[in-house]
Amino acid sequence: MRRKLVAANWKMHGSRALTEQLLSALAARPPSCEVAVFPPFPYLAQALALAEGRLDIGAQDLSAHAQGAYTGEVSAAMLADLGVRRVLAGHSERRQYHHEDDLLITAKLERAFEQGLMPILCVGETLQQREHGTTEATLAAQLATPLRVLGERSALLTIAYEPVWAIGTGCTATAAQVQAAHAFIRSQLAARDAKLSKLIRVLYGGSVKAANAPELFAQPDVDGGLVGGAALDANEFLAICAAAR
Ligand code: PEP
């Protein structure tokens, strides 16, 4: 039985005051599911101190390099040194605005594993790809390189299915669309190794709210959510967590 995980991606939002407010609210009313919060880099240390080990704090990105002359980059070793436990890789905003491809994303996953970080690999199709009937081909392609290169280490991945057209748009995928995509992702994992498809958690992300979380999280292949906008409101996020049983 896979335990549900709800992850909060704050993106480039927040402040010291908001970090204090959101993490204090989570500490006051700890959710029963597993929770991970991904604040922007400058607030990681504050978030770690406030979380006091009660929930995982993660970074939204990491460098594909281990160390060196890479101005502006943050290494997996630095994150691990700080006490960070998780990291996102391949978010569609990184793919779109920073031209990250599957090879670069795979290198980031390797750096994460080298430092004992638990990565969430984000995959998902654009609206155009869905309309052209290439959703499954897109997901298969985004999974192929990481699964091939990581081999047995893939068992330590979490995957987030995030259709690009549903991220930040208020346009949530239907429960049937989500279940179909998650089942397809699981079939790709099973094609590599039957145990992967049973072990790996597949989260849904894309305009998750308290109102739609219960139906989405009730789908058999949905193991929780990756929540953007709604994670910036403590009550809304706690209500989403409550839907993850
Ligand atoms: C995200 O950024 O991963 C995300 C799912 O955002 P939102 O919930 O705002 O659609």
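A polar contact, as I will use the term, is a pair of N or O atoms within 3.5 Å; within protein, one must be able to donate a hydrogen and the other to accept it, and residues adjacent in sequence count only if both atoms are side-chain atoms. With that in hand, a polar side-chain atom of His 91 lies 2.9 Å from an oxygen atom of the ligand.

Before going on, please keep in mind that this is a predicted model, in which local features need pLDDT of at least 70 and side-chain atom pairs count only at pLDDT 80 or more, while totals for chains, interfaces and linings use all residues. Residues are numbered from 1 along each chain as its sequence is written, and side-chain values use heavy atoms, with hydrogens and water left out.

Let me stay with the ligand. There are 14 residues around the ligand, and those that come nearest are Lys 11, Glu 162, Gly 168, Ser 207 and Gly 228, where a residue counts as near if one of its heavy atoms lies within 4 Å of the molecule. For Glu 162, an N or O atom of the side chain is 2.6 Å from an oxygen atom of the ligand, whereas for Gly 168 a backbone N or O atom lies 2.6 Å from a ligand oxygen.

Now to the helices, which are DSSP runs of H or I with at least four residues, numbered from the N terminus. Helix H5, residues 102–114, packs against helix H7, residues 135–150, at an angle of about 40°, with the axes 9 Å apart; axes are lines fitted to C-alpha atoms over the stretch in contact, and angles run from 0 to 180 degrees between N-to-C directions. That angle makes H5 oblique to H7, since angles under 35 degrees count as roughly parallel, over 145 as roughly antiparallel, 65 to 115 as roughly perpendicular and the rest as oblique. The contact, meaning heavy atoms within 4.5 Å, includes Leu 103 and Phe 113 of H5 and Thr 145 and Val 149 of H7.

On its way along the chain, H7 also meets helix H8, residues 175–192, and their axes come within 10 Å and cross at roughly 35°. Among the residues in this contact are Leu 143 and Leu 147 of H7, with Phe 184 and Leu 189 of H8.

Finally, helix H1, residues 16–28, and helix H11, residues 234–242, pack at about 40° with their axes 10 Å apart, which makes H1 oblique to H11. Here Leu 22, Ala 25 and Leu 26 of H1 meet Ala 234, Phe 237 and Leu 238 of H11.

Definitions and conventions
Helix = DSSP H or I, 4+ residues; strand = E, 2+ residues; numbered from the N terminus.
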